[in-house]
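I went through this structure one topic at a time and kept notes. The entries below follow the order in which I looked things up.

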Amino acid sequence: MSEPTDQVITRFAPSPTGHLHIGGARTALFCWAWARRSGGTFLLRMEDTDRARSSEASGRAILADLAWLGLAWDEGPTLTRSDDPTGLGGDPRGVGPFFQSQRLETYNQHIDRLIEKGLAYPAFETPEELDAQRKAALAEKRTYRYDRAALELSAEERAARVAAGEAHVVRFNAANAGEIMIQDAVLGEVRIADGELEDFVIRKQDGFPTYHFSVVVDDELMGVTHVLRGQEHLSNTPKHVALQRALGFRVPVYAHMPLIFNEKGAKMSKRERDQSAREAVRSAGLASSPVSSISDDELKGWTDDKKRQLDHEQLEDLAGALDLTLPEVSVDDFRRAGYLPEVICNFIALLGWTPSKNDDGSDREVFDLEFLASDFDIARIGRSNARFDRNKLMAFNADVLQNRMNDAEFGARWHAWCEEHDPELGAALGDRFDLAARAIRPRVRTLAEGRAPLAFALISDDAIEYDEKAVKKFLLKGEPNGLAMLERLRGVIESADFADAEALEASLKAWAEENELGMGKVAQPLRVALTGAGVSPGLGDTLALVGKQSSLARIDRCLSARSAEASG
RNA sequence: GGCCCCAUCGUCUAGUCAGGUCCAGGACGCCAGGUUUUCAUCCUGGUAACGCGGGUUCGAAUCCCGCUGGGGUCACCA
């Protein structure tokens with residue numbers, strides 16, 4: 001077990017370019033858990049040095065996603081919520097600000113230091129020139145590395161051109177970086193030979209630092225001791241270590257986590273949603289946009305260009321209009337789809353990490369954040385990539401909804417979800433909400449699945465459509481047939497007490513017994529009359545949901561519509 | 001292609017560091033039964049894996065090498 005020493009400080013550092021990705025959520029979860037486990041600090045930092053892609057709205061969205069998951073950060077941007085007056089974030093140690101775009105001066109001081117020491121230098125090639133060089137190298141099957149052309153210039157000339165205001169980037173001089181060994185807490189020793197590192201850019205033409213530079217400076221200045229991140233960063237780490245050496249910084253503990261793949265075995269990405277929606281639009285042969293948030297031109301451009309992406313809201317609108325289910329990728333996708341935050345946390349924690357065994361030695365799978373905060377250990381992070389199995393997530397979600405809550409808890413959760421994502425449903429159910437919640441609970445795996453099994457309760461009595469198969473089987477066949485049964489049942493229903501669904505069902509059962517009838521003989525005809533189909537929630541719940549008046553109306557309608565057929 | 005990482009049931013994984021108790025355990029899925037007024041829930045059982053080839057060893061899922069396969073990354077994105 002890797003016991004933390006000193007004060008542990010972990011950080012989650014997303015770039016605010018959209019909702020929190022499920023992979024990012026796992027990174028945040030593990031960073032949070034390690035900080036909690038070791039009594040340390042979990043810090044949140046916004047890496048918004050890409051001016052074009054970053055947005056304030058995205059930053060807020062990510063904060064909201066983290067808060068929804070239940071991952072509270074000790075330091076970082078503040079977020080006050082109505083349900084939590086103390087809020088999240090803050091800067092007790094005075095190491096902020098936590099938006100990199102507000103830290104330019106700090107980065108520049110360190111870049112100047114590097115330039116003075118000859119460990120960094122301005123370079124004047126344009127992006128186009130570099131691109132051409134890259135392509136040429138590719139054509140000749142050479143490995144491309146920046147050719148250090150700017151170092152051919154004298155220091156005086158470089159300084160003069162910079163002073164004259166010529167556009168330039170600053171590159172790190174990796175000439176003397178030497179072999180770099182990373183002591184990774186998950187992967188062990190990873191060595192990168194001397195000369196593999198190129199003179200990468202540390203400050204862009206627009207004066208903003210690149211990720212590699214800002215991350216190193218901030219981790220040092222903010223006292224970060226443990227960097228947990230995805231394995232896609234492994235090849236960046238030598239750059240960071242080289243920079244840390246050059247700047248005289250500490251090297252934090254690195255722990256590179258396995259990646260999360262989609263069903264197809266590739267890295268899970270937001271692009272999948274576009275692809276999925278695009279296929280649907282194509283097969284539907286849509287010429288004009290079905291939603292106001294997307295213009296016709298935009299739709300066409302997007303349909304024709306695989307690389308183009310719609311934004312989050314546009315995709316949601318489109319999916320809604322076309323009745324599509326898009327593959328969930330971001331935390332917000334799962335939230336909308338009716339997954340519980342604690343289930344998401346439980347499930348993603350299992351992707352690339354294993355909890356300790358139960359006391360009896362059996363494997364543990366179901367646990368909450370509190371447990372994770374006490375049990376998380378970097379030593380139990382795995383090394384191989386994990387496929388995201390939606391079936392299993394669904395099973396976990398269903399288990400919590402169906403077996404680990406009571407009706408009241410479920411009702412409250414479902415109610416909150418409806419208010420946020422399906423206010424129409426909540427309104428349509430009105431004071432039948434608790435009844436509906438009870439009726440659907442064993443039938444739903446996500447909160448979003450509640451609507452379908454209640455369809456019969458949301459339409460008017462004369463809008464019931466009869467499933468012919470069910471009619472044949474339960475109303476027309478058998479001796480006596482279902483219609484005859486319905487006629488007898490009508491009186492029973494008429495005198496029944498609808499106040500309590502359970503009692504109502506019990507009374508029907510008693511009646512069936514008295515008359516020496518199987519419950520199936522009684523329930524199925526009633527079901528068809530009430531819902532049009534042979535499938536519905538429990539009979540008592542179904543009746544109560546429809547109500548006595550409507551139940552009688554539906555029975556009468558069914559009787560009159562079908563009696564002709566029966567006799568004919 | 002260069003560099004780097006990885007490799008147990010279809011999937012997530014336990015077991016690998018300290019080789020024998022593993023003809024490999026759990027979970028999801030799937031299949032078959034059972035309970036039940038339908039569906040769902042629930043219960044029981046079953047299916048199914050150490051990628052291949054060499055070593056080392058009395059003995060290898062576990063250690064070593066090679067191969068194969070998968071993945072990441074090669075931006076003035078993070």
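**Entry 1: a covered helix.** I worked from a predicted model throughout. I began with helix α22 and listed its buried residues: L539, G540, D541, T542, L543, A544, L545 and V546. That is 8 of the 8 residues in the helix, which spans 539-546, so I put α22 down as mostly covered, taking a residue as buried when 20 or more other C-beta atoms lie within 10 Å of its own. I then checked what comes after the helix and found G547, with a positive phi near 90°.

**Entry 2: the partner of α22.** I looked at how α17, residues 433-440, sits against α22, and their axes come within 10 Å and cross at roughly 155°. Angles over 145 degrees count as roughly antiparallel, so I recorded α17 as roughly antiparallel to α22. I noted the crossing of α17 and α22 as left-handed.

**Entry 3: a second helix pair.** I turned to α18, residues 468-476, and α21; the axes of these two come within 9 Å and cross at roughly 140°. I therefore entered α18 and α21 as oblique to each other. The crossing of α18 and α21 is also noted as left-handed.

**Entry 4: the surface near the RNA.** Which residues come nearest to RNA strand B? I found 63 residues around RNA strand B, and E47, Q205, Y211, S384 and M519 come nearest. I then asked which elements give two or more residues to this surface. They are α4 (127-139), β8 (188-192), β13 (386-387), α14 (390-403) and α21 (519-531). Of these, α14 gives the most, with 5 residues. I sorted the surface near RNA strand B by class and got 22 nonpolar, 23 polar and 18 charged residues.

**Entry 5: a sheet of three strands.** I traced an open sheet of 3 strands, in the order β5-β6-β9, with antiparallel pairing. Strands β5 (120-123) and β9 (201-203) stand at the edges with a single partner strand each, so one side of each has no neighbour in the sheet. Neighbouring strands of this sheet are turned by 45° against each other on average, direction ignored.

I went through the pairings next. β5 and β6 pair in the antiparallel sense over 4 bridges, and I found P122 opposite V170 in β6. On the other side, β6 (residues 169-172) and β9 pair over 2 bridges, again in the antiparallel sense. There, R171 has V201 in β9 as its bridge partner.

I recalled that in a regular strand the side chains alternate between the two faces of the sheet. Are the faces of β6 covered or open? Both are covered: V169 and R171 lie on one side, V170 and F172 on the other, and all of them are buried.

**Entry 6: backbone exceptions.** I kept in mind that most residues other than glycine have a negative phi, and that most peptide bonds are trans. I then noted the exceptions I had come across.

I checked D323, which lies in the loop between α10 (312-322) and α11 (331-336). D323 is not a glycine, yet its phi is positive, near 55°. D323 counts as exposed because it has 7 C-beta neighbours inside 10 Å, where 12 or fewer is the cut-off. I also took the C-alpha separation of D323 and A280, which is 9.9 Å for two residues 43 apart along the chain.

I checked E516 next, in the loop between α20 (501-514) and α21. E516 is not a glycine either, and its phi is positive at about 55°. With 7 other C-beta atoms within 10 Å, E516 is exposed.

Last, I looked at the peptide bond from G96 to P97, which is cis, with omega near 0°. I placed P97 in the loop between β4 (84-90) and α3 (104-116).

Note on methods. Residues numbered from 1 in each chain as written. Chains lettered and ligands numbered in written order. Predicted model: local features only at pLDDT ≥ 70, side-chain atom pairs only at ≥ 80, totals over all residues. Near = placed C-beta within 6 Å. Nonpolar A, V, L, I, M, F, W, Y, C, P; charged D, E, K, R; others polar. Pairing = 2+ DSSP bridges. Axes fitted to C-alpha atoms, helices over the stretch in contact; angles between N-to-C directions. Parallel < 35°, antiparallel > 145°, perpendicular 65-115°, else oblique. Left-handed = near helix turned anticlockwise from the far one by under 90°.
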